[in-house]
Amino acid sequence: MSERVYNFNPGPSTLPLAVLQQAQAELLDYKGTGMSVMELSHRSKEFETIVHHAEALFKKLAGVGDEFRVLFLQGGASLQFALVPLNFLSAGASADYIITGGFAQKAFEEAQKTGRARVAATTAADNFRRLPSPQEISLSPDAAYVHMTSNNTLYGTQWHSYPETGNVPLIADMSSDIFCRPFETGRFSLIYAGAQKNLGPAGVTVVLIRKSLLEKVPQTLPAMLRYDLHAANDSLYNTPPSFSLYMLDLVLRWIQEQGGLAAMARHNEEKAAYIYRAIDQSGGFYAGHAAKEDRSLMNVTFRLPSEELEKAFLAGAASRRLIGLKGHRSVGGLRASVYNAMSKEGCLSLADFMEEFRRRNG
Ligand SMILES: *Cc1c(COP(=O)(O)O)cnc(C)c1O
């Protein structure tokens, strides 16, 4: 496997090697069907088994029971920005948005097209290097829901304890940190995530939704935009992204084999610590973007003393097969995305390179 790189891309991103190998082994003949999963009818018994298994295993890993459904949809997390208000922001109601980054802002803007959305808190003035404190969040007790982003992919911040919303349903975009550690699933009414960061390849979006919410969906919405319709059809209302869904099921199985979310947490904390240590022990050569208490386990953002050094760093890293480290243009600098599938060796290798680069250039 010497030709594989350490891939720190923010998404689509690295996948577990074991998953890719299993997909490769099954590519031409899926379980004796004589065809690829890509060629199976989505109405076949084999494919229905995949969908049902993925839903059951997702719920098991999330630690939820029959009060939830899992939907596998298309359109990415970006379509969820619109579907959440279309389904749950009725006329006359208002929803609260906590703005902690670029994707949170986009979700808010989509909601404003549908109904009334208000900013409950924002850390834009600090270029999203931190999350709002509980005192800074002003929630309305009769909001239709509160929307938050659990991990801010571009800025490298992550909520380590979620806001208290009382009886108001809490909805979260968890695209970039879902299943990176155990979390209080019961606190949420709906969570969504594009698969291409922590769950599989691009093309499928997971929605975990409380059944009680499905009853609130307006029957006047176009069919493809209705959560209740997708739930009633077990995500098979129309042709699903079948290969992506199959891959997602393999990734869920891999998470379970690793020991579930508790094992993911240990793995991710150790990995992130290597890189944060290289930042913190650099005497200021590397400057982290995120406030320490809000640092993400998934996206580590940092700057070097100059853009020239950042360019040299990227080139040097690439020559060590460390790929995808350029930061998002809204932050600049560098970003190491270290999702579940990134190995400990990859993070150690990056930390070693950071140390060496600092000694040569600091
Ligand atoms: C990547 C990302 C998105 C966008 O996802 P798409 O699937 O490309 O629409 C939204 N929210 C967060 C937090 C992300 O990391």
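In this predicted model, the accessible surface of the chain adds up to about 15,200 Å², and carbon and sulfur atoms make up 51% of that. As for what is tucked away inside, 56% of the 362 residues count as buried.

The chain contains 10 helices and 14 strands. Its radius of gyration is 21 Å, close to the 21 Å that the globule rule gives for 362 residues, so the chain is as compact as a globular protein of that length. Lined up along the principal axes, the C-alpha atoms fill a box of roughly 65 × 55 × 30 Å. Contacts reach across the sequence too: among those with a separation of 6 or more, 67% link residues 24 or more positions apart.

Then there is the ligand, which has 13 residues around it. Ser78, Thr153, Asp173, Gln196 and Lys197 are the closest of these. Sorted by type, the shell holds eight polar residues, three nonpolar ones and two charged ones. Helix 3, running over residues 76-88, gives the most to this shell, with four residues.

A few polar contacts show how the ligand is placed. The side chain of Asp173 has an N or O atom 2.6 Å from a nitrogen atom of the ligand. Oxygen atoms of the ligand come into play as well: one lies 2.9 Å from a polar side-chain atom of Gln196. With Ala77, it is the backbone that takes part, putting an N or O atom 3.1 Å from an oxygen atom of the ligand. On its own, the ligand has 390 Å² of accessible area, and the protein covers 86% of it.

Note on methods
Residues numbered from 1 in each chain as written. Predicted model: local features only at pLDDT ≥ 70, side-chain atom pairs only at ≥ 80, totals over all residues. Heavy atoms only, no water. Near = heavy atom within 4 Å. Polar contact = N/O pair within 3.5 Å; in protein donor to acceptor, adjacent residues only side chain to side chain. Areas by Shrake-Rupley, 256 points an atom, 1.4 Å probe, with all protein chains shown as cover. Helix = DSSP H or I, 4+ residues; strand = E, 2+ residues; numbered from the N terminus. Nonpolar A, V, L, I, M, F, W, Y, C, P; charged D, E, K, R; others polar. Rg over C-alpha atoms; globule rule 2.2 N^0.38 Å. Buried < 20%, exposed > 50% of the residue type's maximum accessible area, 1.4 Å probe, protein only. Contact = heavy atoms within 4.5 Å.
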